[in-house]
Amino acid sequence: MTAVGDRAFLRSAFSTVQIPDSVERIGDGAFTGCGNLTEITIPETVTEFGKCVFGNCPNLKILTLPENMTEIPFAMFESTGIEKIIIPENVQNIDYFAFALCKNLKGITILNPDCEIAISSTGMGFTFSTGANAETAKEYFNGIIYGYENFTVQEYAKQFSFKL
């Protein structure tokens with residue numbers, strides 16, 4: 001097996017997943033809506049990720065990303081239960097909504113000082129958010145972003161008044 005296909009496990013009921021080392025690609029929405037999923041380790045062999053791979057997995061709290069990962073796609077972890085995440089040094093780009101509406105997200109560490117963090121063209125959604133204002137639908141982030149001083153992470157955090 002070299003790939004987990006698009007929506008392969010959509011809304012499945014399992015709580016943990018062990019992805020075999022033979023897998024190189026995880027498709028769009030492969031694990032979206034897996035409400036019981038609590039933990040996943042992505043092996044180093046996975047080099048390609050689709051959009052919304054783990055979206056709407058509210059109990060997903062433990063996540064280990066591969067060191068060779070280079071991009072975090074659109075809404076990859078939207079509405080998960082992740083509390084802390086370390087973004088590997090090889091990640092060059094984090095697409096918008098990647099960690100949107102993650103109500104338990106308290107800390108993000110970004111190890112690449114030049115990592116680009118996408119900004120939604122509408123200005124309504126953040127790449128990182130812990131909730132949204134019910135009246136305005138504007139998202140907010142109550143966690144802390146850890147990264148290098150005077151680099152892209154700090155610029156992003158300052159632009160939206162996030163804690164560093």
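Me: A residue is called buried under 20% relative accessible area, exposed over 50%, and partly exposed in between (1.4 Å probe, protein chains only). Why does Glu83 count as partly exposed?

Reply: Glu83 has a relative accessibility of 37%, a value between the two limits of 20% and 50%, and therefore counts as partly exposed. The model is a predicted one, in which local features need pLDDT of at least 70, side-chain atom pairs count only at pLDDT 80 or more, and totals for chains, interfaces and linings use all residues. Residues are numbered from 1 along each chain as its sequence is written, and side-chain values use heavy atoms, with hydrogens and water left out.

Me: Where is Glu83 found, and which residues is Glu83 in contact with, leaving aside its neighbours within four places in sequence?

Reply: Glu83 is found in the loop between strand 7 and strand 8 (84-87); strands (E, at least two residues) and helices (H or I, at least four) are DSSP runs, numbered from the N terminus. Contact means heavy atoms within 4.5 Å. With neighbours within four places in sequence set aside, Glu83 contacts Lys61, Asn104, Leu105, Lys106 and Gly107. The C-alpha atoms of Glu83 and Ile62 are 8.1 Å apart, although 21 residues separate them along the chain.

Me: What makes Pro66 count as buried?

Reply: The relative accessibility of Pro66 is 1%, which is under the limit of 20%, so Pro66 is buried. Pro66 lies in the loop between strand 6 and strand 7 (71-72). Leaving aside neighbours within four places in sequence, its contacts are Ile42, Pro43, Glu44, Val46, Phe49 and Pro88.

Me: How do you know that Asn68 is partly exposed?

Reply: Asn68 has a relative accessible area of 28%, between 20% and 50%, and is therefore partly exposed. Asn68 also has its place in the loop between strand 6 and strand 7. Residues up to four places away in sequence not being counted, Asn68 touches Glu44, Val46, Thr47 and Asn90.

Me: Why does Pro58 count as partly exposed?

Reply: At 37% relative accessibility, Pro58 falls between 20% and 50%, so the term partly exposed applies. The loop between strand 5 and strand 6 holds Pro58, which touches Gly35, Ser79, Thr80 and Gly81 when residues up to four places away in sequence are not counted.

Me: What makes the phi of Arg11 notable, given that Arg11 is not a glycine?

Reply: Most residues other than glycine have a negative phi. Arg11 has a positive phi of about 60°. Arg11 is in the loop between strand 1 (3-4) and strand 2 (16-18), and its relative accessible area of 62% is over 50%, so Arg11 is exposed. Cys52 likewise has a positive phi, near 55°, and is located in the loop between strand 5 (48-49) and strand 6 (62-64). With a relative accessible area of 26%, between 20% and 50%, Cys52 is partly exposed.

Me: Which residues of helix 1 are buried, and what covers them?

Reply: Thr152, Val153, Gln154, Tyr156 and Ala157 are buried in helix 1. Their cover includes strand 10 (107-110), strand 11 (116-117) and strand 14 (144-146). Ser161, with a positive phi near 60°, follows helix 1.

Me: Where is confidence lowest and highest in the chain?

Reply: Confidence is expressed as pLDDT, the predictor's confidence in each residue, from 0 to 100. The lowest mean, 82, belongs to helix 1 (residues 152-159), and the highest, 98, to strand 3 (residues 25-26). The chain averages 91, and 97% of the residues score at least 70.

Me: How many helices and strands does the chain have, and why is the chain called as compact as a globular protein of that length?

Reply: The chain has one helix and 14 strands. The radius of gyration, taken over C-alpha atoms, is set against the globule rule, 2.2 Å times the number of residues to the power 0.38. The chain has a radius of 15 Å, close to the 15 Å that the rule gives for 164 residues, so the chain is as compact as a globular protein of that length. Along its principal axes the C-alpha trace spans about 45 × 35 × 25 Å, and buried residues make up 46% of the chain.
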